[in-house]
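Hi,

Here is the structure I promised to pass along. Have a look at it first, and my notes come right after.

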Amino acid sequence: MAAPGENLKINGDRLWDSLEDMAKIGPGVAGGNNRQTLTDEDAEGRTLFQRWCEEAGCRMGVDSMGNMFATRPGSDPDALPVYVGSHLDTQPTGGKYDGVLGVLAGLELVRTMNDLDIKTKHPIVVTNWTNEEGTRYAPAMLASGVFAGLHTEDWAKDRVDAEGKRFGDELKRIGWEGDEPVGQRKMHAFFELHIEQGPILEAEGKDIGIVTHGQGLSWTQLTITGKDSHTGSTPMPMRRNAGLGMARVLEKVEEIALAHGPDAVGAAGHIEIYPNSRNVIPGKAVFTVDFRSPNLEVLTKMVAQMKEAAQAICDEMELGLEMEQVGGFDPVTFDATCVSALRNAAERLGYSHRDIISGAGHDACWINQVAPTAMVMCPCVDGLSHNEAEAISKDWAKAGADVLLHAVLETAEVVE
């Protein structure tokens with residue numbers, strides 16, 4: 001099949017306007033977004049996305065995990081669809097483009113195909129995966145994980161947030177629990193466009209990142225228990241300070257990650273101290289250690305070293321310790337044919353590009369286990385993401401969507 005012509009491009013202004021319109025839902029306090037999964041704001045964003053898809057002639061399907069699938073028919077009713085998309089949920093202090101760009105670029109592909117009366121053999125399905133971020137409900141990529149068979153639906157729906165609200169209950173409450181069984185859909189391929197969330201592409205002046213691999217990730221939640229007591233009247237040698245125990249563990253996390261550089265990283269972003277009072281020594285600390293590496297052996301070794309160090313620290317300080325694996329996946333190698341389709345598209349369109357490893361987890365990492373999958377990235381300013389100051393340019397968004405369009409059309413087979 002002939003590749004799409006290099007003059008075939010999406011409407012960059014329309015894509016940008018859609019991004020700005022979606023950003024009006026769940027505005028943050030500093031110019032970004034707070035549209036956390038299964039909130040009223042998430043429901044409102046979903047409703048807008050559904051309306052746009054239906055106006056573009058797509059049929060919307062929703063599965064029982066709330067995953068949304070907007071289908072543009074193909075000419076062959078027996079041909080498996082080419083899926084494209086990402087997620088609409090955000091961090092509590094999230095930006096306007098993380099995930100959202102991938103979903104709305106998929107919609108823009110459909111709109112562009114409609115404008116130019118382009119038909120494909122394979123259907124095109126634009127997807128919004130539920131709870132990619134994993135902030136309100138751990139682990140991240142929860143619903144795509146159920147779709148790919150890595151989690152059971154019952155287990156996922158029993159996840160609770162900080163207020164004890166069940167995922168399944170909140171999904172019903174906002175009205176987005178569909179009746180389609182999760183994971184029954186078969187895919188010809190899946191493509192995901194995302195902002196880089198790192199500084200490499202901007203620093204090197206590249207328009208496009210072709211994602212060949214994804215880092216493996218391990219989330220371990222540690223609960224350290226000591227004894228609540230008065231900060232002023234408890235002698236130093238008699239304290240059982242869970243906060244101090246956590247601090248010493250986190251020093252070890254830093255040492256371990258640095259020792260396995262340059263590709264390995266580690267930190268704790270989720271931290272809770274109890275009772276969190278100025279004049280009470282913490283009696284409990286709950287935190288999640290996040291290790292990442294593109295090498296499975298290194299990732300496994302870092303986790304083991306951290307667990308051994310944490311146990312030794314808590315034993316010495318007479319603190320209780322519980323550890324639970326709350327998320328993770330092995331390093332990912334994306335499908336060579338799909339990766340080539342993206343690289344060829346960038347070449348054909350004249351966009352500067354480089355291969356890149358994703359340092360973050362994405363729904364594509366799970367879908368890669370059940371279908372040929374690849375990712376494409378555009379730069380973001382200063383590599384800043386998961387922050388309300390997250391920024392990209394209209395040209396970067398357009399370039400990423402152009403590459404996505406060409407790769408999807410090549411894979412879905414344009415009907416002359």
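Below is what turned up for one helix pair, one cavity and one pocket.

Please keep in mind that this is a predicted model.

**The helix pair**

Helix H8 covers residues 242-259 and helix H9 covers residues 296-316; the two pack at an angle of about 150 degrees, and their axes are 10 Å apart. Because angles over 145 degrees count as roughly antiparallel, H8 is roughly antiparallel to H9. The crossing of H8 past H9 is right-handed.

If you want to pull up the contact on your screen, select Gly-245, Arg-248, Val-249, Lys-252, Val-253, Ile-256 and Ala-257 on the H8 side, which meet Met-302, Gln-305, Met-306, Ala-309, Ala-310 and Ile-313 on the H9 side. By class, this contact has 9 nonpolar, 2 polar and 2 charged residues.

**The cavity**

The search gave 1 cavity of 30 Å³ or more. The largest cavity holds about 30 Å³ of space. Its lining consists of Asp-89, Thr-90, Gln-91, Gly-94, Gly-95, Asp-98, Glu-133 and His-386. There are no nonpolar residues in that lining, which has 5 polar and 3 charged ones.

**The pocket**

The second largest pocket contains about 170 Å³ of space. Around this pocket you will find Met-236, Pro-237, Met-238, Arg-239, Arg-240, Asn-241, Leu-244, Met-317 and Glu-318. This lining divides into 5 nonpolar, 1 polar and 3 charged residues.

Happy to go through any of this with you over coffee.

Best wishes

Methods. Residues are numbered from 1 along each chain as its sequence is written. This is a predicted model: local features need pLDDT of at least 70, side-chain atom pairs count only at pLDDT 80 or more; totals for chains, interfaces and linings use all residues. Side-chain values use heavy atoms; hydrogens and water are left out. Axes are lines fitted to C-alpha atoms, for helices over the stretch in contact, and angles run from 0 to 180 degrees between N-to-C directions. Helices (H or I, at least four residues) and strands (E, at least two) are DSSP runs, numbered from the N terminus. Angles under 35 degrees count as roughly parallel, over 145 as roughly antiparallel, 65 to 115 as roughly perpendicular and the rest as oblique. A crossing is left-handed if the near helix is turned anticlockwise from the far one by less than a right angle, and right-handed if clockwise. Contact means heavy atoms within 4.5 Å. Ala, Val, Leu, Ile, Met, Phe, Trp, Tyr, Cys and Pro count as nonpolar, Asp, Glu, Lys and Arg as charged, and the others, Gly among them, as polar. On a 1 Å grid over the protein atoms alone, a cavity is a set of points where a 1.4 Å probe fits but cannot get out, and a pocket is an open set with protein on both sides within 12 Å along at least five of seven lines; lining residues have an atom within 4 Å of a point. Grid points are joined across faces, edges and corners, and a volume is the space filled by probe spheres set on the points.
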